[in-house]
Amino acid sequence: MSQYGPSDRSAFAVPGVGRGVLDVFSYRYLLRLLVRKGILTRYHGSVLGWAWSYVKPAAQFLIYYLVMGVFLNLNRGIEAFPVYLFSGIVVVNLFNEAFGNATKSIVNNKALVKKIYLPRELFPIADVFIAFVHFLPQLSILVVVCVVVGWVPTVVQLAGAFLAMLIVLLLATGLGMLFGSVNVSFRDSQNVVELILLFATWTSPVLYSFTMVRDTLPTWLFDLYMANPLTAAVELFHSAFWFPTTSEAAERPEHLWLFAGLAVVIAVVTLLVGQLVFRRLEGRFAQDL
């Protein structure tokens, strides 16, 4: 007779049941493989290859600069407007790529999901890591440009930039798991995500100054605008990269660190909600795929 009682199942693990995001740390090798595969295959067969990581944001910057800076004269209203514009673009690009790719991660890896068990959270998290790797060339360009124009940031400003990246990555992971799990059964989710990504660019102070919003909206609505985690992340990047390259006479948002703390809370809550929905729906992945 077994040393465990007839109803004692403590020595066994239920197949297909894990600890969610925490299991990703136990599958670091698989995570590295997924990230490496995503990086190597992204530009496979491309003539320019990794150069596209520089060409795309450069083209995006040029279009926005011409439209917003030259045609709408924001170039005159915002000191060092090119640095201001690009430091906001890189943050939004990180969010858009991480969130957009994570949403499609389960569907894109349906062959693995249907055949073997592994923590399904690996797929959206791997796509977030891949987006971060593609973000680094854009960040390097921003740093080089800032250094050329006399960038001398403080430790606090640099800490704000790291906090901004953390906010964006947590938010994108949570939303990616939420919409990625729903997307398995309802492919309309991808269309909803595209709308969110469109709003993300225009509802954050990337192409315009936060003062334009502050001077137009009532106080309570402006506070709601600043409570957007992506807005706080963009302004933290502006403070770290753009502000030190100016005469430092430009206005900065009041209570920015308070809004940054709120952004962290919202991002963490989003991650928890995304994980909860993901765990509830992952039992249907193989069937719906």
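The following dialogue discusses how to read several features of a predicted model.

Trainee: Where should one begin with the nonpolar interior, and which residues of the largest nonpolar core touch the most other members?

Mentor: One begins with the members that have the most partners within the core. In this predicted model, the largest nonpolar core holds 62 residues, and Phe81, Val91, Phe95, Phe99, Leu142, Phe237 and Phe241 touch the most other members. Helix H4, residues 81-103, gives the most to this core, with 14 residues.

Trainee: Which residues does Val91 contact, once its neighbours within four places in sequence are left aside?

Mentor: With those neighbours set aside, Val91 is in contact with Val168, Leu230, Ala233, Val234 and Phe237. Another core lies apart from the largest one; this other core has 18 residues, including Leu34, Ile39, Leu271 and Phe278.

Trainee: Which residues make the nonpolar patch on the surface?

Mentor: The patch is made by Leu62, Ile63, Leu66, Val67, Val70, Phe71 and Leu72, and covers about 640 Å². Ile63 may serve as an example: this residue is found in helix H2, residues 52-71. Ile63 counts as exposed because its relative accessible area is 53%, and the cut-off for exposed is over 50%.

Trainee: How should charged pairs be read, and how many salt bridges does a search of the whole structure find?

Mentor: The general idea is that side chains of opposite charge can pair when their charged atoms come close. In this case, the search finds 4 salt bridges. One of the pairs is Arg252 with Glu235, whose closest N and O atoms are 2.6 Å apart. Arg252 lies in the loop between helix H12 (229-242) and H13, whereas Glu235 is in helix H12, so this pair ties together parts that are 17 residues apart in sequence.

Trainee: Is Glu235 buried or exposed?

Mentor: Glu235 counts as buried, because its relative accessibility is 0%.

Trainee: What distance separates the closest N and O atoms of Asp215 and Arg214?

Mentor: The closest N and O atoms in that salt bridge are 3.2 Å apart. Asp215 is exposed, with a relative accessible area of 58%, while Arg214 is partly exposed at 29%. A network of salt bridges links Arg214, Asp215 and Glu251.

Trainee: With which residue does the side chain of Glu282 meet in a salt bridge?

Mentor: The partner of Glu282 is Arg279, with an N to O distance of 3.2 Å. Glu282 counts as buried because its relative accessibility is 11%, and the cut-off for buried is under 20%. Arg279, in contrast, is partly exposed, with a relative accessible area of 32%.

Trainee: How should sequence separation be set against separation in space, and how many residues apart in sequence are Glu194 and Gly100?

Mentor: One reads the two separations side by side. Glu194 and Gly100 are 94 residues apart in sequence, and their C-alpha atoms are 7.6 Å apart in space. Glu194 has its place in helix H9, residues 189-202, and counts as exposed at 52% relative accessibility.

Trainee: What separates the C-alpha atoms of Val273 and Met177?

Mentor: Those two C-alpha atoms are separated by 9.0 Å, and the residues are 96 residues apart along the chain. Val273 lies in helix H13, residues 256-281. With a relative accessibility of 39%, Val273 counts as partly exposed.

How values were computed:
Residues are numbered from 1 along each chain as its sequence is written. This is a predicted model: local features need pLDDT of at least 70, side-chain atom pairs count only at pLDDT 80 or more; totals for chains, interfaces and linings use all residues. Side-chain values use heavy atoms; hydrogens and water are left out. Patches are made of residues with over 30% relative accessible area and no salt bridge: like charges are joined within 9 Å, nonpolar side chains (Val, Leu, Ile, Met, Phe, Trp, Tyr) within 5 Å. Accessible areas come from the Shrake-Rupley method with a 1.4 Å probe; for residues, only the protein chains shown count as cover. Helices (H or I, at least four residues) and strands (E, at least two) are DSSP runs, numbered from the N terminus. Buried means under 20% relative accessible area, exposed over 50%, partly exposed in between (1.4 Å probe, protein chains only). A nonpolar core is a set of buried Ala, Val, Leu, Ile, Met, Phe, Trp, Tyr and Cys residues joined through side-chain atoms within 4.5 Å. Contact means heavy atoms within 4.5 Å.
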